[in-house]
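Dear colleague,

I am handing over the structure below for your own work. Please look through it first, and then read my notes underneath.

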Amino acid sequence: MAPTFMVSAPGKAIVFGEHAAVYGKPAIAAAISLRSYLLVITLSKSQRTVQLNFRDIGLNHTWEIDNLPWDIFQQPSKKRSYYSVVDSLDPQFLEAIMPHAEAVSKHLPEKQRKIHIKSATAFLYLFLSLGSSKSPGFVYTLRSTIPIGAGLGSSASVCVCLSAALLLQIRALAGPHPDQPPDEAEMQIEHINRWAFVGELCIHGDPSGVDNTVSAGGKAVMFQRNASGPPSVIRLTKFPKLPLLLVDTQQQRSTATQVDKVKTLKANHPEITETILDGIGKIATSALELMSSAVPSGSGNSDALGHWGALIGMNHGFLVSLGVSHPRLERIRELVDYANIGWTKLTGAGGGGCAITLFRSGIEEQTIEELEQKFTTEGFQIHKTILGADGVGVLWPAVFRGTDGKACGEIDQTMFENADSVQGINQLVGVGAQENREGWGFWTRDLSTR
Ligand SMILES: Nc1ncnc2c1ncn2[C@@H]1O[C@H](COP(=O)(O)OP(=O)(O)O)[C@@H](O)[C@H]1O
Ligand SMILES: C[C@@](O)(CCOP(=O)(O)O)CC(=O)O
């Protein structure tokens, strides 16, 4: 029987190119140190149930494994392998899943229930695609430090966790281990990424794939969806350590709705919208070119920083034209612009969610503190995070450790559920880019050649 284990995957911030990424334009995004954590417990052979316990959204549902539609998923003509490339959902699979997904949270108001159904659909689609009718029972408990529906890729990070956990359970992944050849690590990240994309298809409708790609591989990437075949992904080894502030409007919205808004605009005004999307793509390309010649940083090269700042301002302007800003996002920009200390753009799908602000060089710490105070007074939330965090990671077995790094015991479901807020989760299992916590492993790809 597999030991209790945990997987974790980061959220992301899109620095340039959201929305345009859906239409095949390039985007630049980086993993952040806010993460989701999924604890996987294997039950004894006699317990033939699978429990999904998504604590942050209050979803807790148990299915009988034998009642799930395995026959539909395992038809020889449709059965997928862990290395298959799946880029669209099978309508027959979806139809078979629906009664089981719709069995969740019947007591809740429709709006909240819809969210639960989407998360349950993503889980069941992956579980039935990758698992087996003969598998033992499992409990999957998820907790996340990423705000949900805030543009920081919470759904992708959940999907990466689910994909990695299921692939580990069917032994389709080796490691991660320290002596793993980089090519093997690359391949395993890609398998996790591909199945995470399938989960994203269930939650989003039409994701570009940038979120799951950054979450699975971590660090920073230039991403471009192709008309057919896999997307082009360039790992950005020279991604600058930028003096960035991440401000949350606390205005929740759904990515699917914002993506639909742009789709409608494009249908009504095809030429103008295409010009805007093209402009956004050119901004991402220009940032990439700049990165290969001069690396912008908070302390040095203020020309390069100013260039990036201008690109950030233009990118936001285009997003406003696409109709995906929000008065609260504009308020963040207004406060930064009045103080004349940097450049702001929304990040993610917009319509609420978060904004990033890049500071000019030489801004006094006190000025930043005053601005942060204003944000807090006006009900915004500031997320302290770094860009370029690690991708998907595994804690196998799931043990917690004392301050000396020594294993103290297994993390059980109650302990994980009871970890108090973000601080409690971080204290128990937290792992970020700067926190090389004992026991966690990450697939490490070779970055030297890119
Ligand atoms: N912590 C979580 N637990 C369960 N489901 C989650 C969690 N975070 C995100 N999700 C799923 O992802 C959806 C939010 O995704 P989305 O609208 O794309 O926002 P984001 O920009 O945060 O990714 C939620 O409605 C839910 O279905
Ligand atoms: C708007 C979009 O470009 C990014 C969405 O990011 P988020 O789901 O808001 O974190 C959509 C996509 O690329 O799939």
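What follows is a summary of the domains and of the surroundings of the two ligands.

Please keep in mind throughout that this is a predicted model. The domain assignment divides the chain into domain 1, made of 5–235 + 388–442, and domain 2, which covers 244–383. Taken over C-alpha atoms, the centres of domain 1 and domain 2 are 28 Å apart, and their contact draws 24 residues from domain 1 and 31 residues from domain 2. On the side of domain 1 that touches domain 2, strand S1 (5–16) and strand S2 (27–42) are the elements that give two or more residues, and by class that side has 15 nonpolar, six polar and three charged residues.

Ligand 1 lies between the two domains, because domain 1 and domain 2 both give residues to its shell. Of the 24 residues around ligand 1, those that come nearest are Asp56, Ser144, Ser154, Ser155 and Thr255, while helix H3 (110–130), strand S5 (138–144), helix H4 (154–169) and helix H5 (182–204) are the elements that give two or more residues to the shell. By class, this shell around ligand 1 has 10 nonpolar, 12 polar and two charged residues.

Ligand 2 also lies between domain 1 and domain 2, since both supply residues to the shell around it. Glu18, Ser208, Thr255, Gly348 and Ala349 come nearest among the 16 residues around ligand 2, and helix H6 (210–217) and helix H7 (255–268) each supply at least two residues of its shell. The classes in the shell around ligand 2 are eight nonpolar, six polar and two charged residues.

With best regards

Notes:
Residues are numbered from 1 along each chain as its sequence is written. Chains are lettered from A and ligands numbered from 1 in the order in which they are written. This is a predicted model: local features need pLDDT of at least 70, side-chain atom pairs count only at pLDDT 80 or more; totals for chains, interfaces and linings use all residues. Domain bounds come from an automatic or database domain assignment. Two residues are in contact if their C-beta atoms, placed from the backbone, lie within 7 Å. Helices (H or I, at least four residues) and strands (E, at least two) are DSSP runs, numbered from the N terminus. Ala, Val, Leu, Ile, Met, Phe, Trp, Tyr, Cys and Pro count as nonpolar, Asp, Glu, Lys and Arg as charged, and the others, Gly among them, as polar. A residue is near a molecule or strand if its C-beta atom, placed from the backbone, lies within 6 Å of it.
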